[in-house]
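Biologist: Before we start, I would like to go through this model slowly, asking at each step how a label was earned. Could you show it to me?

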Amino acid sequence: MKAEAQVLKGHLDTLLLASLENGPLHGYAVKEALRDGSGARFDLPTGTIYPALRRLEAAGLVTGTWAETGGRRRRAYQLTPAGRRRLAGDRAAWRDFASAVTAILEPAR
Amino acid sequence: MTSPLITRYMADLHRELPAAIADEVAGGLVETYEHHLATGAGDAEAARAALAEFGDLATVVGEFTRQSPGRRAARLLLATGPAAGACWGAALILSRAWTWPVPATARLGFGAALLVAAAFLVAAATSRHSYQRTRLAAAACPVLLVLDVTAVAAAMLAAPALTSALALAVAISLSRIAFTARTLPRLTAR
């Protein structure tokens, strides 16, 4: 499990960017999107999502804005054009990597 | 009404982190807590589950600390410090700076201020669990600004000639002035 957490940490930025691809989300919704999208496999500590989102914001990949919904103030994040480009690049790189590993692990017979 | 466990955690967040960050994180914690309440958990049980799901305070504060703007700025200034110092040292020796008409008290004051600023930067750059400590970078930056401006002014006014070594040192100081002036508002705003 620990090894999986380390691997997940290495891909956290890409996963966060992907979770924001369809529109703005606040921190807790991002965590739920990751959990639901992975079939409950990626259940990160909620508290670690917020620093990661702020890091992406500092890197110019997402922007965060405060908004009031349902009587509650929340900071929603959305992808910037640079974030979309990064996500597209990461996605292409992941497909290449995954297909190469699959070719080795499951060679055609 | 929120559980005392949640209230205490939120108070700790506000003590450890800047208000804007603490507000956002506390909102997420309350949402996690309410999610567990909605599943039928009792008050204390929901609070314990929310805190377990959220992560301990030291981890959350540590993550914010390691990426704080103060820590990043301090690391960059410290990393470029030796190069700037070496350039100035070489330039001052080549320009025979000890012959410049600068009072000894001014020289001592400059050195003392530089040491204090460097100590603040080291404290901010090495902080791993205290966001508050990274704020020392905001105190060091104005001092560095004044020191760089003073060094450039002294070189322009007191040096008999602008050698290439001195010109390089001045250029480095001007770059640091630009970086510090650009970074300072971010350090004081959060």
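Biologist: Which elements do the buried residues of H3(A) pack against?

Modeller: Keep in mind first that this is a predicted model. The buried residues of H3(A) pack against helix H2 (12-19), strand E1 (25-26) and helix H4 (46-58) of chain A, together with H2 of chain B.

Biologist: Which residues of helix H3 of chain A are the buried ones, and what puts them on the same side of H3(A)?

Modeller: In helix H3 (residues 27-37) of chain A the buried residues are Gly27(A), Tyr28(A), Val30(A), Lys31(A) and Leu34(A). Around the axis they cover an arc of only 160 degrees, and therefore they lie on the same side of H3(A). There is a general background to this: an α-helix has 3.6 residues a turn, so residues three or four places apart point the same way.

Biologist: What is found just after H3(A)?

Modeller: Gly39(A), just after H3(A), takes a positive phi of about 65 degrees. Ala40(A), which is found in the loop between H3 and H4 of chain A, also has a positive phi, of about 70 degrees, although Ala40(A) is not a glycine.

Biologist: Why does Ala40(A) count as exposed?

Modeller: A residue is called exposed if 12 or fewer other C-beta atoms lie within 10 Å of its own. Ala40(A) has 9 C-beta neighbours inside 10 Å, so Ala40(A) counts as exposed.

Biologist: And what makes Ala82(A) count as exposed?

Modeller: Ala82(A), whose place is in helix H5 (residues 81-105) of chain A, has 12 C-beta neighbours inside 10 Å and therefore counts as exposed, since the cut-off is 12 or fewer. Leaving aside the neighbours within four places in sequence, Ala82(A) is in contact with Gly60(A) and Leu61(A), while its C-alpha atom is separated by 8.1 Å from that of Val62(A), 20 residues apart along the chain.

Biologist: Let us turn to the sheet: what is the order of its strands, and why is one side of E1 and of E2 left without a neighbour?

Modeller: In chain A, 3 strands form an open sheet in the order E1-E3-E2, with antiparallel pairing. E1 and strand E2 (62-69) stand at the edges with a single partner strand each, so one side of each has no neighbour in the sheet.

Biologist: How do you know that E2(A) and E3(A) count as paired?

Modeller: Two strands pair if at least two bridges are found between them, and E2(A) and E3(A) pair in the antiparallel sense over 8 bridges. Along this pairing, Gly64(A) stands opposite Tyr77(A) in E3(A), and Thr65(A) stands opposite Ala76(A). In the hairpin of these two strands, which has 2 residues between the strands, Gly70(A) takes a positive phi near 60 degrees.

Biologist: Which residues touch the most other members of the largest nonpolar core?

Modeller: Of the 34 residues in that core, they are Leu20(A), Leu53(A), Val62(A), Leu17(B), Val25(B), Leu29(B) and Ala50(B). At least two residues each are supplied by H2, H3, H4 and strand E3 (72-79) of chain A, together with helix H1 (4-16), H2, H3 and H4 of chain B. The largest share, 6 residues, comes from H2(B). Val25(B) touches Gly47(A), Tyr50(A), Leu13(B) and Val60(B), not counting residues up to four places away in sequence.

Biologist: How many residues does each chain give to the contact between them?

Modeller: Chain B gives 14 residues and chain A gives 15 residues. On the side of chain B that touches chain A, the elements giving two or more residues are helix H2 (19-38), helix H3 (43-54) and helix H4 (57-66), and the largest share, 6 residues, comes from H2(B). The residues of that side divide into 4 nonpolar, 6 polar and 4 charged.

Biologist: Finally, how does the radius of gyration of chain B stand against that of a compact globule?

Modeller: A compact globule of 190 residues would have a radius of gyration near 16 Å, but chain B has 24 Å. The C-alpha atoms of chain B fill a box of roughly 80 × 25 × 20 Å, taken along the principal axes. Its secondary structure comes to 9 helices and 0 strands, and buried residues make up 33% of its 190 residues.

Key: Residues are numbered from 1 along each chain as its sequence is written. Chains are lettered from A and ligands numbered from 1 in the order in which they are written. This is a predicted model: local features need pLDDT of at least 70, side-chain atom pairs count only at pLDDT 80 or more; totals for chains, interfaces and linings use all residues. Two residues are in contact if their C-beta atoms, placed from the backbone, lie within 7 Å. Helices (H or I, at least four residues) and strands (E, at least two) are DSSP runs, numbered from the N terminus. Ala, Val, Leu, Ile, Met, Phe, Trp, Tyr, Cys and Pro count as nonpolar, Asp, Glu, Lys and Arg as charged, and the others, Gly among them, as polar. A residue is buried if 20 or more other C-beta atoms lie within 10 Å of its own, exposed if 12 or fewer, and partly exposed in between; C-beta atoms are placed from the backbone. The arc is that of the directions from the helix axis to the C-beta atoms. A nonpolar core is a set of buried Ala, Val, Leu, Ile, Met, Phe, Trp, Tyr and Cys residues joined through C-beta atoms within 7 Å. The radius of gyration is taken over C-alpha atoms; the globule rule is 2.2 Å times the number of residues to the power 0.38.
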